[in-house]
Amino acid sequence: MENPYLPYPVRIEKITIETEDRNLKTFRVGFLDPEDEKKFAYHPGQFAELSVAGKGECPIGIASSPTEPGFLLFTVNKAGVVTTHLHNMKEGDILGVRGPLGNWYPLDEMEGKNVVIIGGGFAFTTLRSTLVYMLAPENRKHFGEISVVYGARNEGLLLYKDELAIWQGRRDVNMHITVDATDDPSWPYHTGFVPTITEQKITSAENSIAIICGPPIMIKFTQPVLEKVGFPHETIIMSLENRMKCGIGMCGRCNVGAEYVCKDGPVFTLAKLNTLPKEY
């Protein structure tokens with residue numbers, strides 16, 4: 001049995017500064033040993049622990065898709081000791097990746113259904129993984145209508161801007177990009193909060209599943225919009241981030257009732273969350 005605490009060594013191949021405030025960077029990393037990549041078989045929605053020698057590790061959602069072989073993507077918000085050191089690293093540097101960890105979005109259950117993806121801010125990472133997976137040529141036929149509502153406080157805080165423009169131009173995706181406010185009169189997309197745009201654009205729950213990841217306040221006000229449209233709680237799927245640390249349910253930092261977010265989640269249906277204490 002392999003030690004679950006041992007990370008795989010990976011090399012930083014590319015660093016992309018995502019936002020104007022430079023607090024969000026996407027790290028493209030490659031495994032030093034091809035055998036490690038084979039062991040790291042993951043699904044959209046999972047996360048991994050990124051480690052910096054001598055500094056520690058932190059859980060980060062996997063932004064790449066299994067349909068993108070040869071590398072992993074992690075979009076990291078500079079918010080603490082480990083993430084600050086990650087932000088100071090350069091292309092060519094070595095770091096550790098431990099995982100994949102947690103459960104994933106139920107793509108098997110989503111096949112044959114319309115899918116609504118709702119994201120806010122930098123929480124769009126695992127949603128990017130899911131969207132790229134569904135849009136892959138070998139997978140697109142398995143899913144119905146795909147609608148996306150993605151927003152940020154302003155245009156400078158949106159992730160993956162080049163890909164957003166590509167998805168916006170696809171005929172098989174209903175892409176709704178929004179910002180809370182803007183002074184740019186040429187802003188080509190929506191202006192308004194994510195729940196508001198969701199209410200305007202998502203008008204049917206028939207044969208549909210919605211997956212949501214974003215700030216708690218966004219989720220709080222989006223949930224009733226989906227309920228009003230008619231989404232049963234079993235079809236509203238959320239990804240939680242709740243003080244995760246070890247990633248394997250050993251440290252006990254992220255438990256909600258009897259569930260460990262890192263091990264039993266981070267993906268839960270709203271129906272499941274309704275049975276848990278309101279600690280998330």
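Biologist: How are the two faces of strand β12 to be read, and which residues lie on each side?

Modeller: As a general idea, side chains in a regular strand alternate between the two faces of the sheet. In this predicted model, strand β12 covers residues 236–239. I236 and M238 point to one side, while I237 and S239 point to the other, and these four residues are all buried. Both faces of β12 are therefore covered, since buried means under 20% relative accessible area.

Biologist: Which strand runs parallel to β12, and how many bridges join the two?

Modeller: Strand β11, residues 208–213, runs parallel to β12 and is joined to it by 3 bridges. One residue pair can be located directly: A210 has I236 of β12 as its bridge partner. Between the two strands the chain passes through helix α7, residues 216–229, and this β-α-β crossover is right-handed.

Biologist: Which strand pairs with β12 in the antiparallel sense?

Modeller: That strand is β15, residues 267–269, and the pairing extends over 3 bridges. Here M238 has F268 of β15 as its bridge partner.

Biologist: What is the state of the peptide bond from G265 to P266, cis or trans?

Modeller: The angle to read is omega. The bond from G265 to P266 is cis, with omega near 10 degrees. P266 is found in the loop between α8 (261–264) and β15. A further cis bond leads from G99 to P100, with omega near 0 degrees. P100 lies in strand β6, residues 94–101.

Biologist: What is the sign of phi at Y160 and at N207, positive or negative?

Modeller: Phi of Y160 is near 50 degrees, which is a positive value in a residue other than glycine. N207 is not a glycine either, and has a positive phi of about 50 degrees. Y160 is placed in the loop between β8 (146–152) and α5 (161–168), and N207 in the loop between α6 (194–201) and β11.

Biologist: Is each of these residues buried or exposed, or does it fall in between?

Modeller: Y160 has a relative accessible area of 5%, so it is buried. N207 has 42% relative accessibility and so counts as partly exposed.

Biologist: Where does T19 lie, and which backbone nitrogen does its side chain approach?

Modeller: T19 lies in the loop between β1 (8–17) and β2. A polar atom of its side chain is 3.4 Å from the backbone nitrogen of L24. T19 is buried because its relative accessible area is 4%. Beyond its neighbours within four places in sequence, T19 is in contact with several residues, including G156, L158 and K161.

Biologist: How may D33 be read in the same manner?

Modeller: D33 lies in the loop between β2 (24–31) and α1 (34–39). Its side chain reaches the backbone nitrogen of E35 at 2.9 Å. With a relative accessible area of 34%, D33 is partly exposed. D33 and R11 are 22 residues apart along the chain, and their C-alpha atoms are separated by 10 Å.

Biologist: How does the radius of gyration of the chain agree with that of a compact globule?

Modeller: For 280 residues, a compact globule would have a radius of gyration near 19 Å; the chain has 18 Å, so the two agree. The secondary structure comes to 9 helices and 15 strands, and buried residues make up 51% of the chain. Of the contacts between residues at least 6 apart in sequence, 67% join residues at least 24 apart.

Methods
Residues are numbered from 1 along each chain as its sequence is written. This is a predicted model: local features need pLDDT of at least 70, side-chain atom pairs count only at pLDDT 80 or more; totals for chains, interfaces and linings use all residues. Side-chain values use heavy atoms; hydrogens and water are left out. Buried means under 20% relative accessible area, exposed over 50%, partly exposed in between (1.4 Å probe, protein chains only). Two strands pair if DSSP finds at least two bridges between them. A crossover is right-handed if, with the strands pointing away from the viewer, the path from the first strand over the helix to the second runs clockwise. A polar contact is a pair of N or O atoms within 3.5 Å; within protein, one must be able to donate a hydrogen and the other to accept it, and residues adjacent in sequence count only if both atoms are side-chain atoms. Contact means heavy atoms within 4.5 Å. The radius of gyration is taken over C-alpha atoms; the globule rule is 2.2 Å times the number of residues to the power 0.38.
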